Amino acid sequence: MTALLAYVASALTIGSLGMKTMLPLRIFALIGNLVFVAYGALEHLWFVLALNLVILPVNIWRLIEIQRLIQNVHDAANQNHVFDALMPFARRLTPKRGEVIIRKGDPSDSLYLVLEGSLFVEEARTELGAGTVVGEIGVLSGTRKRTATVIARTDCVLARVSADDFQQVYFTHPSVGLSLVRLVIDRLVAQQENQALAREAVAAS
């Protein structure tokens, strides 16, 4: 029976070396550690037992790190995650209808969370409602310049987060940065699709 444990543990360890992704690699390595611990204890092989008891917590910790990373990536797909992370740093604003929130070419010193009302992005001809983020491109870009003019289409309630506070959140919660990068990409893709549809409509008329 103990010999079978040695074969199983060896097979699991060798199998982990053939894994191309980290999660199954750590799972195989962890199970292999546990089987080797049992084998070393039953056979009184103290070196095998001690070695695997040392490696075991390393594999457990690495597995926890991978699970946290996976959870962070899943969180990044949820825009509410951005709001939750940034709201403690936000300053509440109540611009009136027609007020310019962002002017193209100005320095980008903040981004805004739309809590109530709607904004209009002139260059993209797009309306942004409650639950969206605006001004993120300028904060993320190296030029730190506004890329579009944004006007309050209705009376609004916004939450302003400075670029410095955003950087602090970003370094604490990198998934927030990933969320905003995804948001930028989605908006650019949507803008290109809208422009293509507009060109097709003009060509057909």
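**Figure 1. M87 and its partners from farther along the chain.** In this predicted model, M87 touches L113, L115 and A159, once neighbours within four places in sequence are set aside. You will find M87 in the loop that runs between helix 4 (79-86) and strand 1 (91-93). The pairing with A159 is worth a look: 72 residues separate M87 and A159 in sequence, yet their C-alpha atoms are 7.3 Å apart in space. M87 has a relative accessible area of 35%, so it counts as partly exposed.

**Figure 2. The whole chain, for orientation.** Before going further in, here is the setting for the other views. The chain's secondary structure comprises seven helices and eight strands. Of its 205 residues, 35% are buried. Among contacts with a separation of 6 or more, 74% join residues 24 or more positions apart. The pair M87 and A159, 72 residues apart in sequence, gives you one example of residues from distant parts of the chain coming together, with 7.3 Å between their C-alpha atoms.

**Figure 3. S110 and the two arginines that reach it.** S110 sits in strand 3 (residues 110-116). Is S110 buried or exposed? Its relative accessible area is 0%, so S110 is buried. Two arginine side chains approach S110 through different atoms: the side chain of R160 makes a polar contact with the side chain of S110 at 3.3 Å, while a polar atom of the R146 side chain lies 2.9 Å from the backbone oxygen of S110. Beyond neighbours within four places in sequence, S110 is in contact with G135, V139, R146, R160, V161, S162 and A163.

**Figure 4. R146, a buried arginine in a loop.** R146 belongs to the loop between helix 5 (136-140) and strand 7 (150-152). Its relative accessibility is 8%, under the 20% cut-off, and so R146 counts as buried. Leaving out residues up to four places away in sequence, R146 touches I102, R103, K104, G105, D106, P107, S108, D109, S110, Y112 and G135. For S110, you can follow the link down to the atoms: its backbone oxygen is 2.9 Å from a polar atom of the R146 side chain.

**Figure 5. V139 and R144, on helix 5 and in the loop after it.** V139 is part of helix 5. With 6% relative accessibility, V139 is buried. Setting aside neighbours within four places in sequence, its contacts are S108, S110, L111, R144, A163 and F166. S108 lies 31 residues from V139 along the chain, and the two C-alpha atoms are separated by 5.9 Å. R144, another of these partners, is in the loop between helix 5 and strand 7. R144 is not a glycine, yet its phi is positive, near 55 degrees. A relative accessible area of 28% makes R144 partly exposed.

**Figure 6. Helix 2 and the residue that follows.** Helix 2 covers residues 22-42, 21 in number, and reaches 30 Å from its first C-alpha to its last, close to the 30 Å expected at 1.5 Å a residue. Which residues of helix 2 are buried? They are R26, A29, L30, G32, N33, V35, F36, V37, Y39 and G40. When you look at their spacing, keep the geometry in mind: an α-helix has 3.6 residues a turn, so residues three or four places apart point the same way. After helix 2 comes H44, with a positive phi, in the loop between helix 2 and helix 3. The phi of H44 is about 55 degrees, although H44 is not a glycine. H44 is exposed, as its relative accessible area is 52%.

**Figure 7. The second largest pocket, lined from three helices.** This pocket holds about 160 Å³ of space. Eleven residues line it, and those nearest its centre are T13, N33, F36, N52 and I55. Where does the lining come from? Helix 1 (2-17), helix 2 and helix 3 (46-76) each supply at least two residues, and helix 3 gives the most, with five. If you are thinking about the chemistry of the lining, it has five nonpolar, six polar and no charged residues. N33 and F36, two of the residues nearest the centre, are also among the buried residues of helix 2.

Notes. Residues are numbered from 1 along each chain as its sequence is written. This is a predicted model: local features need pLDDT of at least 70, side-chain atom pairs count only at pLDDT 80 or more; totals for chains, interfaces and linings use all residues. Side-chain values use heavy atoms; hydrogens and water are left out. Helices (H or I, at least four residues) and strands (E, at least two) are DSSP runs, numbered from the N terminus. Buried means under 20% relative accessible area, exposed over 50%, partly exposed in between (1.4 Å probe, protein chains only). A polar contact is a pair of N or O atoms within 3.5 Å; within protein, one must be able to donate a hydrogen and the other to accept it, and residues adjacent in sequence count only if both atoms are side-chain atoms. Contact means heavy atoms within 4.5 Å. The expected span of a helix is 1.5 Å times one less than its number of residues. On a 1 Å grid over the protein atoms alone, a cavity is a set of points where a 1.4 Å probe fits but cannot get out, and a pocket is an open set with protein on both sides within 12 Å along at least five of seven lines; lining residues have an atom within 4 Å of a point. Grid points are joined across faces, edges and corners, and a volume is the space filled by probe spheres set on the points. Ala, Val, Leu, Ile, Met, Phe, Trp, Tyr, Cys and Pro count as nonpolar, Asp, Glu, Lys and Arg as charged, and the others, Gly among them, as polar.
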